[in-house]
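Here are a few short exercises on side-chain contacts, each with a worked solution. Keep the viewer open and try each task before reading on.

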Amino acid sequence: MDKATGKLWTGPEAAERLIPRQVPRPRLRLVWQWTEGGDAYKAELYDRAVGETLSPTPVLVTAKPPLTAAWWNDLRTALVHLSTVHTDRTAVRQAYLDRAMPKYLAFLGGPVPTTPPSLSTAHGDLHWANLVGPELGILDWEGWGTAPAGYDAALLHAYSLGMPERAERVRQELSPLLDTEDGRFAELVVITELLQSAERGDNVELVPALRQRAKEVWHRTAADGVKILLREYD
């Protein structure tokens, strides 16, 4: 009963109340809470999701079904609307970034920044098992809150790295969110999280691709820094 509170306990109800309908998801219709002995329980009744989840696991395991241009456009639109929601919920904490990023990105060989260029509201767990097609739907709203801007796009991309063609599609479709200073920082955050979870045995097969992607993002970030310095010098 002492754990029947906090972000994960209240997330779905807060999402139903605060997140606009332009972010497609099954409506939460009824919540029932009760206690029994020393335990607390919660049941949630939702509308049935239209379509099917795009993968049985967070990591993308198949390129099918093909996603339409409309699906990608709807996803971009949903992430934009979600990013502007005002909330005091936190999906990624600064204390975690300060602690974990230098440790898990030490192989990059330089001081790793840990302060996000900016923050926005994110789903916080945007992977392929939480996405529905062929009509877009977004599931699992327990952990939403503020995160480094571009976090959701970066997480979806990271979970796609086992299938390079689909990862490239994610980069193309979500380039306004990824191909920016915010997006590159968010990728490093997500890679940190997944490298840490791999130590516990989660998605170990992604580790080589995650490390390679971190190096690519790091080199791009360094190159952008040089360009900024040159412009300031001129």
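## Rings, charges and bridges

W71 is buried, and so is W72 (buried means under 20% relative accessible area, exposed over 50%, partly exposed in between, with a 1.4 Å probe and protein chains only). Before you start: this is a predicted model, where local features need pLDDT of at least 70 and side-chain atom pairs count only at pLDDT 80 or more, while totals for chains, interfaces and linings use all residues. Residues are numbered from 1 along each chain as its sequence is written, and side-chain values use heavy atoms, with hydrogens and water left out.

**Exercise 1.** Classify the ring pairs W32–W34 and W71–W72.

*Step 1.* Get the rule straight: rings of Phe, Tyr and Trp (its six-membered ring) pair if their centres lie within 6.5 Å; planes under 30 degrees apart count as stacked, over 60 as edge-to-face and the rest as tilted. That rule gives four aromatic pairs.

*Step 2.* For W32 and W34, the centres are 4.6 Å apart and the planes are at 35°, so call this pair tilted.

*Step 3.* For W71 and W72, the centres are 5.0 Å apart with 85° between the planes, which makes the pair edge-to-face.

*Step 4.* Check the surroundings: W32 is exposed at 55% relative accessible area, and W34 is partly exposed at 29%. Ring pairs also bring Y41 into a cluster with W32 and W34.

**Exercise 2.** Which ring does the charged end of R25 sit over, and which one does R166 sit over?

*Step 1.* The test is NZ of Lys or CZ of Arg within 6 Å of the ring centre and within 35 degrees of the ring normal.

*Step 2.* R25 has its charged end over the ring of W141, 5.8 Å from the centre. R166 does this with W128, at 5.6 Å.

**Exercise 3.** Work out which parts the salt bridge between R76 and E173 ties together.

*Step 1.* A salt bridge is a side-chain nitrogen of Lys or Arg within 4 Å of a carboxyl oxygen of Asp or Glu. The structure has 11 salt bridges.

*Step 2.* In R76–E173, the closest N and O atoms are 2.7 Å apart.

*Step 3.* R76 lies in helix α2 (residues 69-83) and E173 in helix α5 (residues 164-173), so the bridge joins parts 97 residues apart in sequence. Helices here (H or I, at least four residues) are DSSP runs, numbered from the N terminus.

*Step 4.* R76 is partly exposed at 25% relative accessibility, whereas E173 is buried at 17%.

Methods: Helices (H or I, at least four residues) and strands (E, at least two) are DSSP runs, numbered from the N terminus.
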